[in-house]
Amino acid sequence: MTPSTELQRPSIKTALPGPKSLEIINADHQYVTPSYPRPDYKLVADHAKGVWITDPDGNVFLDCNAGVAVCSTGHCHPEVVAAIQQQVSELIHLCGTDFYYRHMPELGKKLNEIVPIDGPTKTHFANSGAEAIETALKLAMYHTKRQKFISFFGSFHGRTLGALALTSSKRAQRLGFARQVLDVVHVPYPNCFRCPFNKGKCDDGACCMGTTDWIEKTLFNTTTPPEEVAGIVLEVVQGEGGYVPAPTEVVKALRRICDEHGIMLIVDEVQSGMGRTGKMFALDHHEGVKADIVCMAKGLGSGMPIGACTARADIMDWHKGAHASTFGGNPVALTAALKTIELLQGGLVDNSRDTGAYLEAGLNKLKEKYDCIADVRGFGMMLGVEFVKPSTNGAVGEPDPELRDRIEMACFNKGLIILGCGSNSIRWSPPLILAKENVDVALEIFDEAIAESI
Ligand SMILES: Cc1ncc(COP(=O)(O)O)c(C=O)c1O
């Protein structure tokens, strides 16, 4: 593992955003779509290295977001940069949908070794998470000859129309669109902290069986007969929905339901995959449970645009021409992914687990200190912190999104980049090279930001 960087602190020299950053923000407002869901604070990046981002005004930020869980090996990891540079000088593009090059089978073979799927696999390459999901949906429909899907409230699977039909983490994502291009039914996500079945807070996951009971006893007997369901699409740790992990009992029950009815278990590891949870995939935390189809993107290419949908080889049985993409599986992006996986296996997954546990312990200390922190959850370097209005009767407090936003802003002003998720949580999704020294600095800033925001 390459050491993340020497011990350093953020350095904020101007009011934020500084004058050069403001110029870019103003130009962006004039020429760029207003649909991007940017947070209240305005970070403009000029260059970045390891866990440090420098803005055009020379301010240096400690990055605990990694470009929304993408820069898994840190910004511009020297080995990733070298591999990309070499590849760019040899072959930038040829269109793998029509021609051949070594990178596709090489990465397909690598993914075959690591994805949580039983038996041999095949991979379709795309450019993004949403595209990987579109692939999975089409494949499940094709293979099962069925049309319906089951998705979860709070889920995020992307914004293209097929993926959007599954997505349900925020109102703004669907508002104004004919999103039911697919026949999707949403069910409550098994959230042990905020039980969707009003059973209170639990720790063992047993009462979350409400989700699978709902599927089997209500849906299957009414609107959604199992023999019409092509796939259940699951985030093992819900990402945009608030960094909420599903309990093992439910993940196992979903596998059983899929097995009993010939339904594809499609596991969306776009955010939770590639070492983020301290194991290569979030599903690896649930021993013995395997997916039929796994979607990846984000951390797979260390920042190069890539999406991948890997399925059991016998499931990926569609005809020539059924699905393809001009840029998907571009040799430069594939090279970055091969190098990324090498680095993940060479120590970064272990660091995600160990330094992630250190970060989690620090966040739990802050939870003891502040009543407004109701929950710290997740695995490895995929950790969520939920903010509430403290309750007086021992019940779980009401969500406090405004406090969360104030804390996010205060962190930014002190040079720490974190980002919200769900309505009232903050996600920690740092580059997987984060060192314990970085954690100490980040927690100190987070602590100060909470203290001045409550
Ligand atoms: C779990 C999950 N699936 C799919 C997507 C969509 O990925 P993309 O933005 O690359 O289309 C995201 C993006 O945040 C995600 O978190």
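## A buried lysine in strand 5

With 21 C-beta neighbours inside 10 Å, K148 counts as buried, because the cut-off for that label is 20 or more. This is a predicted model, so please read everything below in that light. K148 itself sits in strand 5, which covers residues 148–152.

Which residues does K148 touch, once its neighbours within four places in sequence are left aside? They are D183, T224, E228, V229 and A230. There is also a long step along the chain to look at here: V185 is 37 residues away from K148 in sequence, yet the two C-alpha atoms are separated by 7.9 Å.

## Around the ligand

The ligand is surrounded by 14 residues, of which S128, G129, A130, G158 and V270 come nearest. Sorted by class, this shell holds five nonpolar, six polar and three charged residues.

Which helix gives the most to the shell around the ligand? That is helix 5, spanning residues 129–144, with three residues.

## A closer look at helix 5

Helix 5 is worth a short visit of its own. From first C-alpha to last, its 16 residues reach 22 Å, close to the 22 Å expected at 1.5 Å a residue. Is helix 5 mostly covered or mostly open? Mostly covered: 13 of the 16 residues are buried. Just past the end of helix 5, K145 takes a positive phi of about 60 degrees.

## Two domains and where they meet

The domain assignment splits the protein into domain 1, made of 19–77 and 349–453, and domain 2, made of 95–329. Domain 1 is thus written as two segments, with domain 2 given as a single range. Their C-alpha centres lie 26 Å apart.

How many residues are in contact across the two domains? On the domain 1 side there are 29, and these meet 26 residues of domain 2. Several elements each supply at least two residues to the side of domain 1 that touches domain 2: helix 2 (66–69), helix 10 (331–369), strand 13 (373–379), strand 14 (382–389) and strand 18 (425–428). By class, the residues on that side divide into 12 nonpolar, 12 polar and five charged.

## The strand 13 and strand 14 hairpin

Two of those contributors also belong together as a pair. Strand 13 and strand 14 run antiparallel to each other, joined over six bridges. One of the pairings links D375 to E386, its bridge partner in strand 14.

The two strands form a hairpin with two residues between them, and G380 in the turn has a positive phi of about 50 degrees. Strand 13 is mostly covered, with seven of its seven residues buried.

Notes: Residues numbered from 1 in each chain as written. Predicted model: local features only at pLDDT ≥ 70, side-chain atom pairs only at ≥ 80, totals over all residues. Near = placed C-beta within 6 Å. Helix = DSSP H or I, 4+ residues; strand = E, 2+ residues; numbered from the N terminus. Nonpolar A, V, L, I, M, F, W, Y, C, P; charged D, E, K, R; others polar. Domains from an automatic or database assignment. Contact = placed C-beta atoms within 7 Å. Expected span 1.5 Å × (residues − 1). Buried ≥ 20, exposed ≤ 12 C-beta atoms within 10 Å, placed from the backbone. Pairing = 2+ DSSP bridges.
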